Structures are given as C-alpha cells and as structure tokens.
Amino acid sequence: MKRWVLWILSAAAVLCLCACGAGAGDGASGEGGAVAPVEGIQMPGTQEAEGSAFGEEDSTGEAVDDSSAGENTVDGTGQYAFGGSSDSGESPGAGVFGESDPDGTSAGESGTPEKDAGALGGGSTGSLGIYSSRIQEYINGIESGWGQQEFENAGMSYMCGYETSLDQLGYLLLDLDGDGMEELLIGKGAAIYDMYTLEAGSVTHVFSGGERNAYGLSADNVICNMGSGSAAMSLYAYYRLEGSDLVPLKYVIFDAFYSQTAPWFESEDSQNAEEARGISEEEAYEIIDSYRPEELDFTALDHFWQDLGKTAGSRPGQGEQPYFGTWRVQEYRTSDIYALSQEEIERYLTYTVTYYEDAVAQNGQDLGLEDWEYEYDICTKEDILRDYHVDLTDWWTEEGAVVCGTISYEDNFFGREFFLGDDNSLWIYYEGVFFRAAK
C-alpha cells in the first residue's frame, strides 16, 4: 500500500513540473551555448510565469519595464519568460542553457570596473568604427524584413527576427574584461542577443542568445546565461569574459530528474547535478538574485549614424559634420579603368573642395547646386576593392569601415562622391580615380 501511494505522489510531482514548464521558444542559435529545439514552445511574451530572470512580469506573461528608458535607448520589453522566483515555489520552467565549453561559449576572469546597480552602459564610441560593418548588418536585416531564420543563417541571434523596426533593437559598447578594448553587445532591455569582441584584430562572435538560452549582464560584469532543456531541468550559469572565452564562475542547477525531493545544486566547474553540491531552494535563489541581470543602456539602431558621427560621420541635418570644411588634394590612386588623362589628374592635385551644410565649393568657388542633399553609407576595405578595383589599404586607419558620402545631384562633378577616412583624411572618387585630401 505504501509503495502504491508513493508511486502516485511521484507521478503527480512529475506532472506538476511538466505543467509549470511550458513556455519560451527554440533556443538553438548562434555559436556555442546552443540548446536543442523544444517542441510546443510558445512565442515570447505569452508564457505565464511568477517571475523572470530578466525582470518582473505581470499576470499576462508580459515583462514589465520599470526602467525609465532615455530617448536613445531600447526599452526592455518582455522577450524572455524564465519561471521561478524565490516566492513562487515553482520550478524555473523556461530558462536551461546549452553547454558552454571551450569550443562554444566559455569565458574568463578579469578585472572589471565597478558599476552602480541599475542601467549599465555608457561605453565610449572609440570602437564603434571597428564594429560598424557588423552593426550595419543588423540594420540591413531589420530594414529588409528578415525573420528568425535569415538572422540565424547570417550568424546572428534569431531573436532579432522578432524586431520589425530599428528602434526595437540596440547596440552597446562595454569593456567587459578590462583589456582596454570594448566588446559589442546587441540586444534590448536586459537581454543580450549577440556579443562580439576583438581578437587578434578581428571581430569575433562570442555567443548568441535565444528564448531558452538567454544571456544578460549583472552589475559587476558577470555574464549570466539562463536556459532550460525541459520543465524539470534548468541551469543558471555565470561567467567572466577572457579574450573571446567565457570562463565559468558558478553554476546553479535545477534537476528534478536527478532528485525530485531536492532538485537544487551548485558547482563552480560542472553543469551536472551528480557532480554538484546540493543546496536548498532558498540558497539557490540567493545566488540567482545576486547575479540578476541589469537593464542595459542600449542605443537604438536608428541612432547608429548619430553615434558614428562622433568619430567618423553622421546623417546630414544633425549638426556640424566631420566632412564640413575645406579639403586640399594631396595624392591619388587609380583603379583598373579610369577616364582621366594624366594632365587632368595633375590638375585636380591642385584643387580644394569645401563642404558646407548647404553648399559645395571648388577652389573657393560655390558650385551653385540646387535641390540637393548629402546621402551616405558605410563601406569596408573589401567593399572598395570589390566595387572600385583599387587597394587603399595604406590610406586606411584602424577603423573597420568608413563613411561613404554622395551628393544627390543629377550632374557628376569633382567632390560629388567622397569617403571619410578619419577627421583629417577624405578620399574623393572621380572618374575612376581616388584623390586623398586633408584639411
């Protein structure tokens, strides 16, 4: 009789765990830390849960953003529903990550600057030029109406496919490992969708987050990864960034398969319950709360050009532009095919071009343009080599991309198309020839 009662109680416990675990979507995405797809998972903002690792939720399952987002910030709307709060007594239904090993997302210790609790952010724009091409890919994806699959195919978090306008997704530069070089974070609210760092001079993708494989950042620059493989298994992993690796600090494990009566564990080096130390639910939530992800001060993608303008160039009409002023031609470089004679090239070497907000001048003479405006894009070394068949490597600065400016006017003229290398280097393209100019 006792065995029969025990069997009924055990079955009821498993059913209860399964019932409270239905929730977030497929977490398989990006490089490392991936979780196998889970069938029958709801889309973001539809799961009912008592609490969230990324903030409080109301009775509808929508996350409540209690932060005061600034004009240039992305608000923290509910994209994740991680169950389990210290008051609920329920298992953390959505929230087990994938493995974070050296081949995927591992990460390490390093000195990090202290930050106040609350919104994190405020990184300088010093690395923005280096990451600008990657940021532009997110802009292009959203403007092209990409869905989850297109973003994932491009090596980015599928979560970006939920966003339909540039003001719904943001970027942030932070030096997370104290090496003097900023990392690039893409996300919204407290959720990091993608993280990039610089390794040996190249932009390296550190991880992608998903609904059941979510990433955030605590106030002391600890990277938090929250994931769920089922209603009965969840994992909270905490890392330091070291180079492009995530080095584990602590794991909090919920595994009701391993132990229904005492399912909470902690470890510094293992994600497996059988290799971890058993702890109480109260102890588990003390650790989880101590690393709770903070709201991040993301800059919305529709402000990207305004930010880039601080170091390279920005949209016309947003104040003084770095390309405004007088530029004197100093040298030239021809592409494979060009239409200028040597005499014409040498004549342009004596030119100055002046860009004003409402006028353009050659050698001090206003060209008298009417009904025109500045247009812009960004391009890389590879873009110029491919599109113009000329190698400008020795003209390039440390920035990863340059601003490409065009004056929208029906007639072509010297100075109509230009590239802003830095604050004192501008390249004018005309009839197959690049002319480098300086102020």
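Me: Which strands do the buried residues of H4 pack against?

Reply: In this predicted model, they pack against S7, strand S8 (245–255) and strand S9 (264–267). The criterion for contact is heavy atoms within 4.5 Å.

Me: Which residues of helix H4 (residues 281–290) are buried, and what makes them line one face of the helix?

Reply: The buried residues are Ala284, Tyr285, Ile287 and Ile288. Viewed down the axis of H4, they fall within an arc of 155°, so they line one face. Glu282, Glu286 and Ser290 lie on the other side of H4 and are exposed.

Me: Why is strand S6 (residues 223–230) called largely enclosed?

Reply: Buried means under 20% relative accessible area. Seven of the eight residues of S6 are buried, so the strand is largely enclosed by the rest of the structure.

Me: How do you know that S6 pairs with strand S5 (residues 213–217)?

Reply: Pairing requires at least two bridges between the strands. S5 and S6 have five, in the antiparallel sense, so they count as a pair. One of the partnerships is Ala214 with Met226 of S6. The two strands form a hairpin with five residues between them, and Asn221 in that turn has a positive phi of about 65°.

Me: What joins S6 to strand S7 (residues 233–242)?

Reply: Seven bridges join these antiparallel strands; since at least two are needed, S6 and S7 also count as paired. Cys224 has Tyr238 of S7 as its bridge partner. S6 and S7 form a hairpin with two residues between them.

Me: What makes strand S15 (365–366) and strand S16 (374–379) edge strands?

Reply: Nine strands form an open sheet in the order S15-S14-S13-S12-S20-S19-S18-S17-S16, with antiparallel pairing. S15 and S16 each pair on one side only, and are the edge strands.

Me: How do you know that strand S14 (residues 360–362) pairs with S15?

Reply: Two antiparallel bridges join S14 to S15. The requirement is at least two, so it is met. Ala361 stands opposite Asp366 in S15.

Me: How many aromatic pairs does a search of the whole structure find, and why is the pair of Tyr409 and Phe413 called edge-to-face?

Reply: The search finds 33 aromatic pairs. Tyr409 and Phe413 are 6.4 Å apart centre to centre, with 70° between the planes. The limits are centres within 6.5 Å for a pair and planes over 60 degrees apart for edge-to-face, so both conditions hold. Tyr409 has a relative accessible area of 21% and is therefore partly exposed, whereas Phe413, at 10%, is buried.

Me: Why is the pair of Phe419 and Phe434 called tilted?

Reply: Its centres are 5.5 Å apart, with 50° between the planes. Under 30 degrees would be stacked and over 60 edge-to-face, so this pair is tilted. It links distant parts of the chain: Phe419 is in strand S18 (residues 417–422) and Phe434 in strand S20 (residues 433–438), 15 residues apart. Phe419 is buried at 1% relative accessible area, and Phe434 is buried at 0%.

Me: Which residues do ring pairs link into a cluster?

Reply: The cluster consists of Tyr323, Phe324, Tyr355, Trp372, Tyr374 and Phe418.

Me: How do you know that Arg347 lies over the face of Tyr348?

Reply: Arg347 is 5.0 Å from the ring centre of Tyr348. The distance limit is 6 Å, so that condition is satisfied. The definition also asks for a position within 35 degrees of the ring normal, and Arg347 is classed as lying over the face.

Methods: Residues are numbered from 1 along each chain as its sequence is written. This is a predicted model: local features need pLDDT of at least 70, side-chain atom pairs count only at pLDDT 80 or more; totals for chains, interfaces and linings use all residues. Side-chain values use heavy atoms; hydrogens and water are left out. Buried means under 20% relative accessible area, exposed over 50%, partly exposed in between (1.4 Å probe, protein chains only). Helices (H or I, at least four residues) and strands (E, at least two) are DSSP runs, numbered from the N terminus. The arc is that of the directions from the helix axis to the C-beta atoms. Rings of Phe, Tyr and Trp (its six-membered ring) pair if their centres lie within 6.5 Å; planes under 30 degrees apart count as stacked, over 60 as edge-to-face and the rest as tilted.
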